[in-house]
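Please open the structure in a viewer and keep the selection tool at hand. The tour below proposes what to select at each stop and describes what is found there.

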Amino acid sequence: MSIGGEGYGERDRTGEEGGGRPPSRPGRSVITVVGVVVLLIAAIAFANRGGGDSGGDDKASDGKQSADAQPTAPSGQKPVKSGQGGIASGFPQSEQGAQSAAANYAVALVSSDIIKPGKRSGIIQQVFVPRKTDEMQSKMDKAYSVGFLKKLGLDANGNAKDGMTYVSRTAPVGTKVVDFGEHSARLDVWCTGLYGMAGEGSKNPVTSDWFTMRMGLSWVNGDWKVQSYKQKDGPAPVNGDNTASGADEIADAVGQYGGFTYGR
């Protein structure tokens with residue numbers, strides 16, 4: 001899902017330029033981690049070919065760089081609806097609505113469901129503008145081929161073996177409006193996430209990552225939809241002193257703790 005330029009690299013497991021992971025951690029095999037990253041980057045780069053974005057700088061639509069972050073605050077607008085596959089929909093035609101859409105779509109596009117053929121089409125139909133759905137379906141189908149899934153330890157349907165849990169979960173930390181108009185918007189979504197395989201003997205252990213997604217949205221049929229997106233690394237904080245949890249604990253947490261719907 002390439003948009004190109006502005007320092008956003010071709011690094012994503014789905015369409016444009018997004019989220020191949022994970023980075024290495026002390027005590028893990030460097031060769032194993034590097035191998036996984038190479039696989040993910042290769043799939044992302046393949047899927048990201050042929051996208052498009054108007055480019056431009058990081059200034060707001062009034063030509064001035066935003067000096068202050070805009071904290072979440074009550075808007076007085078109706079909350080978003082729960083759409084297909086649990087992805088929120090019905091976003092207001094406003095800057096706040098565009099930020100909510102971008103945050104929720106970031107979660108969907110870097111999820112464990114997007115790699116599953118049986119769920120991918122529904123996500124694409126829900127997230128992208130109609131004229132992009134066929135293109136993105138083709139790109140993602142090629143990127144998440146049976147061979148690629150096998151290298152991740154998954155079967156042809158994107159499922160892990162018994163006793164293993166594939167983890168790909170994203171949590172937006174904040175959003176920033178780059179450009180906004182009545183029918184189009186560009187936004188950055190700063191995210192952190194968990195990626196890898198939880199289970200005894202996993203060669204791709206679950207690790208964390210930080211990245212920023214640049215999304216181009218269009219107002220179509222009464223809702224914000226993704227026109228294009230790309231991703232770059234960071235900003236990433238210094239690693240803390242937390243002791244890494246065992247694979248079973250991570251797998252249990254993923255199953256017990258649900259995700260959020262993000263509203264601005």
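## First stop: a salt bridge at Lys119

Select Lys119, which counts as partly exposed because its relative accessibility is 42%. Add Asp113 to the selection: the two residues form a salt bridge, and their closest N and O atoms are 3.4 Å apart. Asp113 also counts as partly exposed, at 25% relative accessibility. Please bear in mind throughout the tour that this is a predicted model.

## The whole chain

Now zoom out and colour the protein by secondary structure. The view should show 6 helices and 6 strands. Read from the N terminus on, the elements follow the order α-β-β-α-α-α-α-β-β-β-β-α. The protein has 264 residues, and buried residues make up 43% of them. Across the whole structure, a search finds 7 salt bridges; the pair at the first stop, Asp113 and Lys119, forms a salt bridge of this kind.

## The loop between H2 and H3

Select Ser111, which is placed in the loop between helix H2 (95-109) and helix H3 (117-127). Is Ser111 buried or exposed? Its relative accessible area is 14%, and since buried means under 20%, Ser111 is buried. Next, show the backbone of Ile114: its nitrogen lies 3.4 Å from a polar atom of the Ser111 side chain.

## Strand S3

Move to Ser168, a residue of strand S3 (residues 165-180). Ser168 counts as buried, with 6% relative accessibility. Display Val110 as well, and look at its backbone oxygen, which lies 3.1 Å from a polar atom of the side chain of Ser168.

Asp179 is the next selection in this part of the tour. Which residue does the side chain of Asp179 meet in a salt bridge? The partner is Arg186, with an N to O distance of 2.3 Å. The two residues fall into separate exposure classes: Arg186 counts as buried at 8% relative accessibility, whereas Asp179 counts as partly exposed at 22%.

## The pair Asp188 and Arg214

Select Asp188 in strand S4 (residues 184-198), then add Arg214. Arg214 forms a salt bridge with Asp188, in which the closest N and O atoms are 2.3 Å apart. This pair links distant parts of the chain, with Arg214 in strand S5 (residues 207-220) and Asp188 in strand S4. How far apart are Asp188 and Arg214 in sequence and in space? They are separated by 26 residues in sequence, but by 4.5 Å in space from C-alpha to C-alpha. Their side chains are also joined by a polar contact of 2.3 Å.

Switch on a surface to consider how these two residues are covered. Arg214 has a relative accessible area of 0% and is therefore buried. Asp188 is buried as well, with a relative accessible area of 8%.

## The turn from S5 to S6 and the cis bond

Follow the chain to Asn221, located in the loop between S5 and S6. Its phi is near 50°, a positive value in a residue other than glycine. Most residues other than glycine have a negative phi, and most peptide bonds are trans. Asn221 counts as exposed, since its relative accessibility is 74% and the cut-off for that class is over 50%.

Continue to Pro235, whose place is in the loop between strand S6 (223-233) and H6. Select Gly234 together with Pro235 and examine the peptide bond from Gly234 to Pro235. Is this bond cis or trans? The bond is cis, with omega near -5°.

## Last stop: a charged patch

Finally, select Glu249 in helix H6 (residues 247-256). Glu249 is exposed, with a relative accessible area of 52%. Extend the selection to Glu200, Asp248 and Asp252, and leave the surface switched on. Together with Glu249, these residues gather in a patch of negative charge on the surface.

Methods. Residues are numbered from 1 along each chain as its sequence is written. This is a predicted model: local features need pLDDT of at least 70, side-chain atom pairs count only at pLDDT 80 or more; totals for chains, interfaces and linings use all residues. Side-chain values use heavy atoms; hydrogens and water are left out. Helices (H or I, at least four residues) and strands (E, at least two) are DSSP runs, numbered from the N terminus. Buried means under 20% relative accessible area, exposed over 50%, partly exposed in between (1.4 Å probe, protein chains only). A polar contact is a pair of N or O atoms within 3.5 Å; within protein, one must be able to donate a hydrogen and the other to accept it, and residues adjacent in sequence count only if both atoms are side-chain atoms. Patches are made of residues with over 30% relative accessible area and no salt bridge: like charges are joined within 9 Å, nonpolar side chains (Val, Leu, Ile, Met, Phe, Trp, Tyr) within 5 Å. Accessible areas come from the Shrake-Rupley method with a 1.4 Å probe; for residues, only the protein chains shown count as cover. A salt bridge is a side-chain nitrogen of Lys or Arg within 4 Å of a carboxyl oxygen of Asp or Glu. Lys and Arg count as positive and Asp and Glu as negative; His and the chain ends are not counted. The place of a charge is taken as NZ of Lys, CZ of Arg, CG of Asp or CD of Glu.
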